[in-house]
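Work through the exercises below with the structure open. Each task is followed by a solution in steps.

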Amino acid sequence: MEQRVSLITVGALDINVLAQFYEALGWKRVDSPDGVIAFDLIGQTLGLYPLAALAEEIGVPVDALGRGAMTLAYNVREKGDVTPLLGRAKAAGAQVLKPASDVFWGGHHGYFADPEGHIWEVAWNPFSPLGPDGAFQWNGAE
């Protein structure tokens, strides 16, 4: 198995409402089959899929999937980019869970939950600068 993630699937109660939230953040949909909404990222795709259909496909009850026990992170290029992005998320319908603040490891971050409770971290990491295309690697993109 190669060390990568290809597709991040988010189980959504209402994929259209959730898609409108991500579009309000500036993301663009890509063509996808009915029942799935997809946004291409750098090297991956974020897919929105009905939560009940995801549970059925996996073969577990919806309650077994849980909510918010994982975070998705969006790294920014500059420390000063964290607060405005949290504000943009809030304006689009997110709940800011933790305002931007310095963190013990030397970075600056905050958290928001999208309209269905999926938790995102917005972070600036001085030890992992983004590549020219926005690619992230733990010790800095090359």
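**Exercise 1: Leu130**

Leu130 has a relative accessible area of 19%, so Leu130 is buried. The model is a predicted one, and the tasks below start from this residue.

Task: State where Leu130 lies and which residues Leu130 is in contact with, leaving aside neighbours within four places in sequence.

Solution.
- Step 1. Placement: Leu130 belongs to the segment after β7 (119-124).
- Step 2. Classification: the cut-off for buried is under 20% relative accessible area, and Leu130 has 19%.
- Step 3. Contacts: with neighbours within four places set aside, Leu130 is in contact with Asn75, Val76, Arg77, Ala135, Phe136 and Ala141.
- Step 4. A distance: Gln20 is 110 residues from Leu130 in sequence, and their C-alpha atoms are 27 Å apart.

**Exercise 2: Arg77**

Task: Take Arg77, one of the contacts of Leu130, and determine whether Arg77 is buried, partly exposed or exposed.

Solution.
- Step 1. Arg77 is found in the loop between β4 and α3 (82-91).
- Step 2. The relative accessible area of Arg77 is 43%. Partly exposed covers values between the limits of 20% and 50%, so Arg77 is partly exposed.
- Step 3. Not counting residues up to four places away in sequence, Arg77 touches Trp124, Leu130, Gly131, Pro132, Asp133 and Gly134.
- Step 4. Gly87 is ten residues from Arg77 in sequence, with 17 Å between the C-alpha atoms.

**Exercise 3: An aromatic pair**

Task: Count the aromatic pairs, then classify the one formed by Trp27 and Phe39.

Solution.
- Step 1. Rings pair if their centres lie within 6.5 Å; by this rule there are eight aromatic pairs.
- Step 2. For Trp27 and Phe39, the centres are 5.8 Å apart and the planes make an angle of 65°.
- Step 3. Planes over 60 degrees apart count as edge-to-face, and the Trp27 and Phe39 pair is edge-to-face.
- Step 4. Trp27 sits in the loop between α1 (15-24) and β2 (37-40), while Phe39 is in strand β2, so the pair ties together parts that are twelve residues apart in sequence.
- Step 5. Phe39 counts as buried because its relative accessibility is 1%.
- Step 6. Ring pairs also link Trp27 and Phe39 with Phe21, Tyr22, Phe112 and Trp120 into a cluster.

**Exercise 4: Ala53 and Gly66**

Task: For Ala53 and Gly66, give the placement, the exposure class and one C-alpha distance each.

Solution.
- Step 1. Ala53 lies in helix α2 (residues 51-58), whereas Gly66 lies in the loop between α2 and β4 (71-75).
- Step 2. Ala53 is partly exposed, at 26% relative accessible area. Gly66 also counts as partly exposed, at 39% relative accessibility.
- Step 3. Ala53 and Ala12 are 41 residues apart in sequence, and their C-alpha atoms are 9.5 Å apart.
- Step 4. Gly66 and Gly11 are 55 residues apart in sequence, and their C-alpha atoms are 9.9 Å apart.

**Exercise 5: The whole chain**

Task: Describe the protein chain by its elements, its radius of gyration, its surface and its charges.

Solution.
- Step 1. The secondary structure consists of three helices and seven strands, in the order β-α-β-β-α-β-α-β-β-β from the N terminus.
- Step 2. A compact globule of 142 residues would have a radius of gyration near 14 Å; the chain has 16 Å, which agrees.
- Step 3. The C-alpha trace spans about 40 × 35 × 30 Å along its principal axes.
- Step 4. Buried residues make up 34% of the 142. The accessible surface is about 8700 Å², with 54% belonging to carbon and sulfur atoms.
- Step 5. Of the contacts between residues at least 6 apart in sequence, 46% join residues at least 24 apart.
- Step 6. There are 9 positive and 17 negative side chains, and the centres of the two sets are 8 Å apart.

Note on methods:
Residues are numbered from 1 along each chain as its sequence is written. This is a predicted model: local features need pLDDT of at least 70, side-chain atom pairs count only at pLDDT 80 or more; totals for chains, interfaces and linings use all residues. Side-chain values use heavy atoms; hydrogens and water are left out. Helices (H or I, at least four residues) and strands (E, at least two) are DSSP runs, numbered from the N terminus. The radius of gyration is taken over C-alpha atoms; the globule rule is 2.2 Å times the number of residues to the power 0.38. Buried means under 20% relative accessible area, exposed over 50%, partly exposed in between (1.4 Å probe, protein chains only). Contact means heavy atoms within 4.5 Å. Accessible areas come from the Shrake-Rupley method with a 1.4 Å probe; for residues, only the protein chains shown count as cover. Lys and Arg count as positive and Asp and Glu as negative; His and the chain ends are not counted. The place of a charge is taken as NZ of Lys, CZ of Arg, CG of Asp or CD of Glu. Rings of Phe, Tyr and Trp (its six-membered ring) pair if their centres lie within 6.5 Å; planes under 30 degrees apart count as stacked, over 60 as edge-to-face and the rest as tilted.
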